[in-house]
There are 2 protein chains.
Amino acid sequence: MKDIQNKLLASVEKLFERKQFKSLKELLSTMEPADIAEVLAEKAPAERVFLFRLLPKDIAIEVFEFLEGAEREELLGSFTDTEVAAIIEEMSDDDRTALFDELPAKTVKKLLAHLSPEERKLANALLNYQADSAGRIMTPEFIDLKETMTASQALARIRATAAKKETIYTSFVVSPERKLKGTVHLEDLILASPDTPVTDFMDGLPVFVTTDTDQEEAAKTMSKYDLQTIPVVDRESRLVGILTFDDILDIVQEEATEDFERMAGISPVDESYLDAGIMTLTRKRLTWLLVCIVTQLFSSFILERYSFVLESVVALAFFIPLLIGTGGNTGTQAATLVIRGFTVGEIVREDLFRVISKEIVSGFLLGISLAVLASIRAWTMGTGYGVALTVAASVVGVVMLGNLVGAFLPFAAKKLNIDPAVMSGPFITTVVDILGLLLYFEVARRVLVLG
Amino acid sequence: MKDIQNKLLASVEKLFERKQFKSLKELLSTMEPADIAEVLAEKAPAERVFLFRLLPKDIAIEVFEFLEGAEREELLGSFTDTEVAAIIEEMSDDDRTALFDELPAKTVKKLLAHLSPEERKLANALLNYQADSAGRIMTPEFIDLKETMTASQALARIRATAAKKETIYTSFVVSPERKLKGTVHLEDLILASPDTPVTDFMDGLPVFVTTDTDQEEAAKTMSKYDLQTIPVVDRESRLVGILTFDDILDIVQEEATEDFERMAGISPVDESYLDAGIMTLTRKRLTWLLVCIVTQLFSSFILERYSFVLESVVALAFFIPLLIGTGGNTGTQAATLVIRGFTVGEIVREDLFRVISKEIVSGFLLGISLAVLASIRAWTMGTGYGVALTVAASVVGVVMLGNLVGAFLPFAAKKLNIDPAVMSGPFITTVVDILGLLLYFEVARRVLVLG
């Protein structure tokens with residue numbers, strides 16, 4: 001597969017260099033839109049516009065839908081108003097919503113002016129739903145059937161309207177008031193005898209979401225019920241749109257990326273890493289780093305307060321990085337397990353007690369294993385068994401602390417209706433650092449009978 | 001949606017308690033298999049078996065496919081051999097492969113004995129492909145068409161064979177030697193006039209994967225081309241199976257979970273968090289914690305070597321946690337951006353130079369911002385401007401170091417053909433800790449003219 005693809009790309013390159021544009025045009029018309037989009041993405045802007053103009057109109061639309069935000073905006077800029085209008089009108093509704101979402105408000109307004117009144121109404125309707133809701137990403141391009149239809153009438157309607165619809169594999173039976181009555185799978189329709197009423201083989205209790213359902217929730221529902229298409233209804237149970245499986249794959253990937261970023265203390269970045277500007281990336285990372293460093297300042301106060309301990313036994317300082325590092329690592333591990341458990345639905349709020357008990361036991365086991373190693377090092381250093389004992393006890397304590405803080409903070413976030421993923425590794429590490437230092441010096445003060 | 005679901009669950013509960021089993025049976029037969037599976041999962045084993053036996057046979061199979069590994073094994077154990085044979089035979093091939101994959105080898109062997117010779121051959125064929133390959137998860141239940149067929153003949157074949165197939169929305173045209181010639185979308189078939197040859201409207205250059213393609217790669221290909229179904233061919237280009245979109249959603253979620261775990265220094269856990277035993281969880285976490293603590297031991301050697309610096313200016317110790325914490329946080333951030341970029345295909349190996357330059361500049365900007373805060377604290381502590389200057393310079397240095405190490409290690413892993421996600425936050429934090437300490441004390445020694 002990869003081989004064929006690379007050969008195609010090489011051919012495009014060659015024809016382009018030799019300026020054999022007629023052959024190039026023919027070759028492009030046989031290629032997959034996703035591959036053409038990839039070729040375009042690698043070209044300089046001027047060449048990109050040129051190649052894009054070589055594409056047959058129907059392929060051009062599809063290729064356009066595969067391009068990234070910045071490339072789209074730039075291409076649109078190079079076209080005449082009539083050309084822009086043609087492209088925008090031909091795009092499917094959900095892709096158009098995504099495009100408008102990416103562009104600055106001013107550009108959107110200009111683009112909306114290019115739409116036919118009917119199309120504009122549609123795009124506007126989609127845009128009025130709040131961000132990240134099912135309403136925002138749904139497409140109204142579904143096939144609706146009446147309750148009174150027979151299989152053959154339904155098939156005739158599907159044939160007649162298929163060209164402008166997102167999917168023909170699932171159609172929707174609606175009442176005269178447009179309330180959702182059931183879904184019909186093309187499979188059942190094909191297999192039914194022509195005179196059977198649709199109500200006989202429709203699914204009369206279909207799974208659905210509402211326009212204000214969160215898109216992540218909608219993706220979970222589709223995944224749970226193995227659905228390729230899900231109907232979206234408004235507050236009056238009227239069918240207003242559908243979500244299809246390609247929307248869901250995009251959402252799942254996007255949400256996973258956001259969780260990865262949040263858990264590393266990065267505010268979600270809209271662009272891909274290489275497309276994002278350095279200032280954007282810096283800004284997205286700075287907030288949590290500032291929060292952490294301000295919190296971390298407490299550690300200097302703690303150390304200042306216990307400087308009499310450090311001055312008596314300077315060897316205690318040698319184990320500070322090891323100790324707080326270990327606490328931070330276990331905290332990150334526990335938080336990751338809990339946050340991921342929340343995301344995939346394996347852990348719910350009520351599991352707090354079970355999770356905490358599990359983390360206490362596993363923290364104790366991990367702590368003991370690690371303490372052995374750390375105290376051997378302290379012992380062989382010749383600083384006396386007091387330091388070795390302090391280090392051993394503190395490692396066990398700090399690992400259990402890491403587990404507790406790491407497991408508890410995501411639950412606390414959930415309770416406050418905050419995404420648990422904001423309890424990022426950096427923040428948890430910082431909290432555990434500070435509590436760990438307090439623990440270490442209190443243990444030291446008692447074991448070594450200081451102060 | 002949620003409301004209706006909860007009401008259904010409450011009704012099941014009530015009927016069960018009142019022992020109204022006839023009504024319960026009728027209610028269950030109207031419910032979604034995914035919901036029934038959820039009810040079963042919450043029941044005690046004995047009740048679960050009882051409820052399962054109330055289900056009509058066709059629904060029972062579907063519910064069984066939605067259950068988790070442990071529950072499945074337990075249910076199987078409670079059945080007679082004939083019952084087991086019936087369930088196993090009725091399962092779709094890919095679900096059966098997944099089931100066999102989860103069970104101990106001995107149980108699999110016993111279960112294989114229950115299959116009809118033809119089914120056993122099929123299951124075995126699937127099992128011989130390596131783990132995580134497309135061959136392993138594909139289903140051979142696709143519809144094949146001949147090149148000589150017309151639209152109406154093709155439709156007749158689809159009608160005749162649909163019941164046993166995974167999808168009827170895409171059929172596959174194969175040569176007499178079973179080589180893949182093209183794909184036919186039901187949509188085009190429905191819209192074509194009956195006498196058109198299938199070769200006229202089939203996609204003659206379909207996107208495909210091979211049996212040894214990695215499942216993650218296959219998922220990426222399907223997502224890239226927005227495919228609901230992808231054909232799988234063997235080394236001789238013969239069509240041997242298909243992957244469908246529900247396989248892909250599962251893979252994408254599973255791979256994301258594994259990446260989250262790896263990045264927190266946890267070996268992938270097969271069970272869900274609450275199902276996994278404490279010893280399993282502890283073992284999966286211990287490896288990287290041990291690696292980190294052994295690496296972290298170097299920090300105690302470094303501090304021991306520079307103890308003369310600490311003894312002269314004990315205030316330097318106050319900033320150790322802040323300094324290494326900040327380095328670790330920036331390292332985790334940079335690594336997350338790069339690893340996620342690799343996963344979603346936005347960053348490739350050749351981007352090393354661009355990524356590193358970006359991280360150097362952003363590291364410098366972040367470092368300056370954070371250094372201001374940290375040095376104000378050092379300054380107001382009254383330890384003299386030497387310490388403040390040391391802290392400021394070291395924060396800038398350690399943030400740049402964190403960015404470099406965090407961005408570089410995933411590239412190094414990729415180069416060595418290791419999953420970049422094993423360059424976990426904990427490991428990167430530990431490496432940055434050690435390099436950061438060296439930097440800090442070298443800066444201190446020079447600025448404060450010690451040793």
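This dialogue walks through a predicted model, from its symmetry to its interface and cores.

Colleague: What rotation and shift superpose chain A on chain B?

Modeller: Start with the operator that maps one copy onto the other. Here the model is predicted, and a rotation of 180° with 0.1 Å of shift along its axis does the job, at RMSD 0.2 Å. That is how a two-fold axis relates copies.

Colleague: Which surface do the copies use to meet?

Modeller: Compare the interface residues of the two chains. Of those in chain A, 99% are interface residues in chain B too, so the copies meet through the same surface.

Colleague: How many residues of each chain are in contact?

Modeller: Count both sides. In this model 110 residues of chain A contact 109 residues of chain B.

Colleague: What area do chain A and chain B bury, and on which atoms?

Modeller: Read the total, then its makeup. The pair buries about 10,900 Å². Carbon and sulfur atoms carry 69% of that. Then ask who contributes. Phe260(A), Tyr273(A) and Arg285(A) supply 8% of the area chain A buries against chain B, more than any other three residues.

Colleague: How many salt bridges and polar contacts are there between chain A and chain B?

Modeller: Take charged pairs, then polar ones. The chains share 8 salt bridges. One of them joins the side chains of Lys224(A) and Glu38(B), at 3.0 Å from N to O. Polar contact links 33 residue pairs across the chains, counting those with both residues at pLDDT 80 or more.

Colleague: Which residues have the most contacts inside the largest nonpolar core?

Modeller: Look for the hubs. This core has 78 residues, and its hubs are Ile320, Val395 and Phe441 from both chain A and chain B. Take Ile320(B). Leaving out residues up to four places away in sequence, Ile320(B) touches Ile320(A) and Pro321(A) from the other chain, and Leu303(B), Leu437(B), Tyr440(B) and Phe441(B) from its own. Another core, of 38 residues, lies apart from the largest one; among its members are Ala162(A), Ile190(A), Leu145(B) and Leu189(B).

Colleague: Where do the domains of chain A fall?

Modeller: Read the bounds, then the spacing. The assignment gives domain 1 (2-131), domain 2 (144-247) and domain 3 (278-447). Over C-alpha atoms, the centres of domain 2 and domain 3 of chain A are 52 Å apart.

Key
Residues numbered from 1 in each chain as written. Chains lettered and ligands numbered in written order. Predicted model: local features only at pLDDT ≥ 70, side-chain atom pairs only at ≥ 80, totals over all residues. Heavy atoms only, no water. Least-squares fit on C-alpha atoms with pLDDT ≥ 70 in both. Contact = heavy atoms within 4.5 Å. Domains from an automatic or database assignment. Core = buried A, V, L, I, M, F, W, Y, C linked by side-chain atoms within 4.5 Å. Buried < 20%, exposed > 50% of the residue type's maximum accessible area, 1.4 Å probe, protein only. Buried area = accessible area lost by both parts, 1.4 Å probe. Salt bridge = Lys/Arg side-chain N within 4 Å of Asp/Glu carboxyl O. Polar contact = N/O pair within 3.5 Å; in protein donor to acceptor, adjacent residues only side chain to side chain.
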